[in-house]
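User: Got a chain on screen and need a quick tour. Can you walk me through it?

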Amino acid sequence: MVVLNKNFEVVIVHKKVKNINVKVTPRYEIIVTVPLRFSNNEINHLLQNNISLIERLVKKVHFIDLKDEEIIIFGQRYTLCGDMLIEKEYVIMGNKIFYRDINKLYQNCIDIICQHFKHVATKNNFDLTTSLVFKKMKSRWGVCYIQKNKICLTQYLIHVPIHLIEYVICHEFCHFQYPNHSSQFYLEVSKYYKDYSKARSELKKYSYFLK
């Protein structure tokens, strides 16, 4: 389906739902969730009659176009170049990453996030005994486990700029005080990250990596 001169893959999801939901993802997908009884003709008719709505949804999405050999690390775009002859596991030269072990690059990025986690905790007098774990979560950037005094971050944060990672860390620490997203919670967040509203908006641009 072509919308605003962009090609989209239409993904139809039949579920036991009453309402129809249309979602546009940063991966050039239009996901349409419909009741089980809906036929393909009804869905096509629905899409054609709601093209203006879909166009508005498309305008709100930040799309990231990555070629097969490209990667974004901490907000910077690089071209990956496999090279088994280099001495180190990987070497960053300008906008290129030469590597013979790409997993070492990813692990070092995780280590860098761990360093910033400790930095943020120390700077803001957060509980330094809070443990940190990583998972390949694709629905959220982080989770706070209050009873376990543990914060879990998604491994996909390695694609996000450092200042936004620090926002996510502050965000999760504040959940120990307010386990919700109330106005009181964001007031607490503002004590440690004043531009949290701007960070939230900017973070949405990287939702590509969660889809």
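**A sheet and its two helices**

Analyst: Start with the hairpin of β4 and β5, which has three residues between the strands. There, Tyr28 takes a positive phi near 60°. Strands here are DSSP runs of E, at least two residues, and helices are runs of H or I, at least four, both numbered from the N terminus.

User: What kind of model is this, and how are residues numbered?

Analyst: This is a predicted model, with residues numbered from 1 along each chain as its sequence is written. Local features need pLDDT of at least 70, side-chain atom pairs count only at pLDDT 80 or more, totals for chains, interfaces and linings use all residues, and side-chain values use heavy atoms, without hydrogens and water.

User: Back to the hairpin. How many bridges join β4 to β5?

Analyst: Five, and the two strands run antiparallel. Two strands pair if DSSP finds at least two bridges between them. Val22 stands opposite Val32 in β5. Val24 stands opposite Ile30 in β5.

User: And β3 with β5, parallel or antiparallel?

Analyst: Parallel, over seven bridges. Glu9 has Glu29 in β5 as its bridge partner.

User: What's the strand order in the sheet?

Analyst: β3-β5-β4, in an open sheet of three strands with mixed pairing. β3 (9-15) and β4 (21-25) stand at the edges with a single partner strand each, so one side of each has no neighbour in the sheet. From one strand to the next, the twist averages 20°.

User: Which helix touches β3 and β5?

Analyst: Helix α1, residues 40-49, which packs on the sheet. Its direction makes about 125° with that of β5. Angles run from 0 to 180 degrees between N-to-C directions, with axes fitted to C-alpha atoms, for helices over the stretch in contact. Contact means heavy atoms within 4.5 Å.

User: Where does α2 lie?

Analyst: Helix α2 (residues 51-59) lies across β4 and β5. It runs at about 35° to β4.

User: Why is β5 largely enclosed?

Analyst: Five of its seven residues are buried, so the rest of the structure largely encloses β5. Buried means under 20% relative accessible area, exposed over 50%, partly exposed in between (1.4 Å probe, protein chains only).

User: Zooming out, how many helices and strands are in the chain?

Analyst: Six helices and twelve strands. Of the 211 residues in the chain, 38% are buried. The C-alpha trace spans about 55 × 50 × 30 Å along its principal axes.
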